[in-house]
Amino acid sequence: MTDDIQNWGIRKRLEAALRSRANQARTEHPLSYAQRPLVLLHRMNPDSASYNVAFTARFTGGFDSATFASAVASLVGRHAALRTTFSGTDRQTVHGWLEPDVAEVDARQWSRQQIEDAIRHAYLAPFALSTGPLVRVRTYAVAPGEAVVLLAVHHVVCDFWSLGVMVAELEQLYLAEAERRPSQLPGGNVPYSDFVASQQELIQGEKGSRARAYWHAQLAGRLEPAQWPTCELGPDTDGGGSIVVPVATELADGVFALAKEEGATPYAILLTVFQVLIGRYTGRHDVLVGSPFAGRTSPALAECVGNFVNPVVLRADLSDAVAFREQLDRTRRDVIDALEYQDYPFELLVGELAPRRVDDRNPIFQAMFSYQKPSRYPALAGLYVADDGAAPVGWAGLTAVPFRLDQQDDQLELVLEVVHDGDRLVGLLKHRKSVFSAQAARQVAENYLALLRAALADPDRSVAELPMASEVTPGTDRRTAAARESVGAVPRSGTALRGIEQRITAIWRQALGREGIGREDNFFDLGGNSMLLVKVHEMLADDTADTPLKINELFRYPTVASLARRLDQTAAGTGPASDRGRASTRRAQLADGTARSARLRARTRRQPDTDRGNDD
C-alpha cells in the first residue's frame, strides 16, 4: 500500500511538471464553419452568455471536491478543444496546457435559493475566448460528502454530444483519482483540427458537390421569415425563457408504438407534429424548421470533444392537407436524405443561397426542433432536463441527483427540444421573450401536445383537421428595429446629421473600396460582410469616440441614413436602450452579412432572365 501511495505521488508530481512545460506550447488551426460565427458573435457581444453550455447535478454519498478538480484537469488534458483559445476571427490556438477555471464554494449555510442564484450567476458569467479557459467548474459544498456541481463550457468548443462524452469520462477519471490509479480510458483522441481539415476536403470534393446540389434544390424558391401571432409581451423582453413540457406516459407510448408500426423514428413523428404546429402559427403551408444534426459521420469522432453540430433545414409541404400518416412518411424520407447530406455547413449554405432577410432574424428558419437521446452516456438525459420525473443515477460510486438549471438562451425565436430519457419523453420549449411571452409559450406547448394526441389517436386524419387546445390567429408583419426606433426621432439639426452621414460614407468608401454610396444604400447590398463590418466598427470607434456604438448596432442600422440617425440620437442622449442580452440574434446578423455579400456576387454571374426565386 505504501509503495502504491508513493508511486501515485510520483505520478502526480510528474504530471504537474509536464503540464508546466506544456504551458508554453501553442499550435494554430483554422476554424470550422460552426465556430466562425460563434467567434464573431462573441467579439460583438463579449458579455453574452447565450452560447454557454452547462451541466448541473447534486452529488451525494461521499463527494470530494479536490478529487473532482483533479478529474477535470485530466479531462482537459485529454481533449485539445478544452485547451483552445480564439484571439482572432479566423484561427484557433491549441495550448499544450491551459488550467481550467475550477473553484470550491462553501455553501453549507446557504438556502436552496442562494445556491440556485449562485449557480445561475456562475453559468451566466461570460467566457474570455481570447485568453481562456473555456471550461468553468464550481462545486458548492452543501454538506459533508455532498455538493452541487456546475460544469459550464462555451459552445465554440462543445456541443450536446460532447457534454455526454465529458460527463462519462469524468466518471472514470474521478474513480481513478479516488482509487489513486491510472484511468482505463483509451488514449489518442482524434483532435478537433482533424475534423476541420476533413470538412474542407468534403466541401471541395465530389461529396460536397452532391450535398450542395441537394440543399440548393431542397431550398429553392422564396425563403420568407416566419410571421408569428401577436401577443402581449411582458416587461422584460431581453433574452429568452424556457418551460418544461411533460409528455404523458400514454403519449410517449403512443409515439413509440406508431414509430414501430410505420417504420419511422420517434424523432420523425415528433418533428412532423412540430411542423404542423409551425404551419398553424404562421398560417403557411410551406414550413421551414431547423434541426441540429450531430455532424459526427466518422466513427473516429465519437469520443472527440468539440462543436460538430450542424443545423439542417427540413421543409414540409402542408398544402395538400394529407393524412398525418402520409405526412409522416414524407418527413421520414426527408430525414433520410438530410442524414446523407448533413455534413454540408449551414453557414456556407446561407452564403450561397443568399436569402432575403428581414430585421435581425435567423436566416431561412426561425424555429427549431431537437431530439436528444444521449448514446454515449444515457443517464445524461434525465440529469440534463432535470424535471420532476428525472431519477437519480449512480455515478462513480456516488449518487447524481438532477438539479434544474433554467438555461434561458434565445438563439432562436422558438425551439422545442424533446429529451428521450429511458422509456419517457420530456420537452423543453425555449422562446425569445421579444416574440413570445411566458403565457404565449405555455399555449404553444399545450397546442403541441394537443396536436400530438390527435395525430396518435387517428393517424389517418388530415393534418389540417388535427385540433389544437386553443386556436391562434397566425402571422403578423414585423417592422425592423431601425424602423421602430426611428419613429418620432428628431435629429438635433440637419447640418449635424449631414455631417455624420458624410463621415459614415467616407468610412464605408474606404472599407468597401468603392464610390457612389447613397444615403439609403445597404452596407451588405454593396458587398459588405461581417468581417468588413468589424473593420467599419473600429474606424467608427476612432472617428466618433464621443458617441459609443456597439458593433451589433451596425447590423441593425445598415444604411448611411439610419446609422447617422442612431449616432445622432446617442450623442443627444435620446437613443434607445442598450442591446444587452440580445446576443441571440447575432448569428442571424452574421449570416445576413454573408448572405447579402454572396447575393451581390451572384448578381454579377446571373443571366438577365435567371430567376432564383429570391426577392432581391
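**Exercise 1. Strand S4 and its partners**

Decide whether strand S4 of this predicted model is largely enclosed or open, and explain why. Then find which strands pair with S4.

*Solution.*
Step 1. Locate the strand: S4 covers residues 91-95.
Step 2. Check burial. Four of the five residues are buried, so S4 is largely enclosed by the rest of the structure.
Step 3. Take the partner S1, residues 26-30. S1 and S4 run antiparallel and are joined by five bridges. Within this pair, Thr 27 stands opposite Val 94.
Step 4. Take the partner S3, residues 84-85. S3 also pairs with S4 in the antiparallel sense, over two bridges. Here Thr 84 has Val 94 as its bridge partner.
Step 5. Look at the connection. Five residues lie between S3 and S4, and the two strands form a hairpin.
Result: Val 94 is the bridge partner of Thr 84 and stands opposite Thr 27.

**Exercise 2. An open sheet**

Write down the strand order of the six-stranded open sheet. Which strands stand at its edges?

*Solution.*
Step 1. The order is S5-S6-S7-S2-S13-S12, and the pairing is mixed.
Step 2. The edge strands are S5 (101-106) and S12 (393-395). Each has a single partner strand, so one side of each is left without a neighbour in the sheet.
Step 3. From one strand to the next, the twist averages 30°.
Step 4. Zoom in on one pair. S5 runs parallel to S6 (residues 135-143), with six bridges between them. Val 105 stands opposite Tyr 140 in S6.
Step 5. Add the helices. H4 (residues 112-124) packs on the sheet and touches S2 (52-60), S6 and S7. The direction of H4 makes about 170° with that of S6. H3 (residues 65-78) lies across S5, S6, S7 (146-154) and S12. H3 runs at about 165° to S6.

**Exercise 3. The length of helix H13**

Compare the expected span of helix H13 with the distance between its end C-alpha atoms. Which residues of H13 are buried?

*Solution.*
Step 1. H13 covers residues 438-457, which is 20 residues.
Step 2. At 1.5 Å a residue, H13 should span 28 Å.
Step 3. The end C-alpha atoms are 29 Å apart, which agrees with the expected span.
Step 4. List the buried positions: Ala 440, Ala 441, Val 444, Ala 445, Asn 447, Tyr 448, Leu 451, Leu 452, Ala 454, Ala 455 and Leu 456.
Step 5. Recall the helix rule. An α-helix has 3.6 residues a turn, so residues three or four places apart point the same way.

**Exercise 4. The surroundings of Glu 417**

Is Glu 417 buried or exposed? Identify its contacts and the partner in its salt bridge.

*Solution.*
Step 1. Place the residue. Glu 417 belongs to strand S14, residues 414-421.
Step 2. Apply the cut-off. Buried means under 20% relative accessible area. Glu 417 has 5%, so Glu 417 is buried.
Step 3. Set aside neighbours within four places in sequence. Glu 417 then contacts Ser 370, Gln 372, Tyr 384, Val 426, Gly 427, Leu 428 and Lys 430.
Step 4. Pick out the polar contact. The side chains of Glu 417 and Tyr 384 make one at 3.1 Å.
Step 5. Pick out the salt bridge. Glu 417 pairs with Lys 430 at 3.1 Å, N to O. This pair links distant parts of the chain: Lys 430 is in S15 (residues 424-432), Glu 417 is in S14, and they are 13 residues apart.
Step 6. Check the partner. Lys 430 is buried too, at 9% relative accessible area.
Step 7. Add a backbone distance. The C-alpha atoms of Glu 417 and Leu 429 are 6.3 Å apart, although twelve residues separate them along the chain.

**Exercise 5. Salt bridges within helices**

How many salt bridges does the structure hold? Work through two that lie within helices.

*Solution.*
Step 1. The total is 31.
Step 2. In H4, Glu 116 bridges to Arg 112, with the closest N and O atoms 2.8 Å apart. The two are four residues apart, so about one helical turn separates them.
Step 3. Check exposure. Glu 116 is partly exposed at 28%, and Arg 112 is partly exposed at 44%.
Step 4. Turn to H10, residues 324-340. Asp 329 and Arg 333 both lie there, four residues apart, about one turn of the helix. Their closest N and O atoms are 3.1 Å apart.
Step 5. Check exposure again. Asp 329 is partly exposed at 28%, and Arg 333 is partly exposed at 42%.

Definitions and conventions
Residues numbered from 1 in each chain as written. Predicted model: local features only at pLDDT ≥ 70, side-chain atom pairs only at ≥ 80, totals over all residues. Heavy atoms only, no water. Expected span 1.5 Å × (residues − 1). Buried < 20%, exposed > 50% of the residue type's maximum accessible area, 1.4 Å probe, protein only. Pairing = 2+ DSSP bridges. Contact = heavy atoms within 4.5 Å. Polar contact = N/O pair within 3.5 Å; in protein donor to acceptor, adjacent residues only side chain to side chain. Axes fitted to C-alpha atoms, helices over the stretch in contact; angles between N-to-C directions. Salt bridge = Lys/Arg side-chain N within 4 Å of Asp/Glu carboxyl O.
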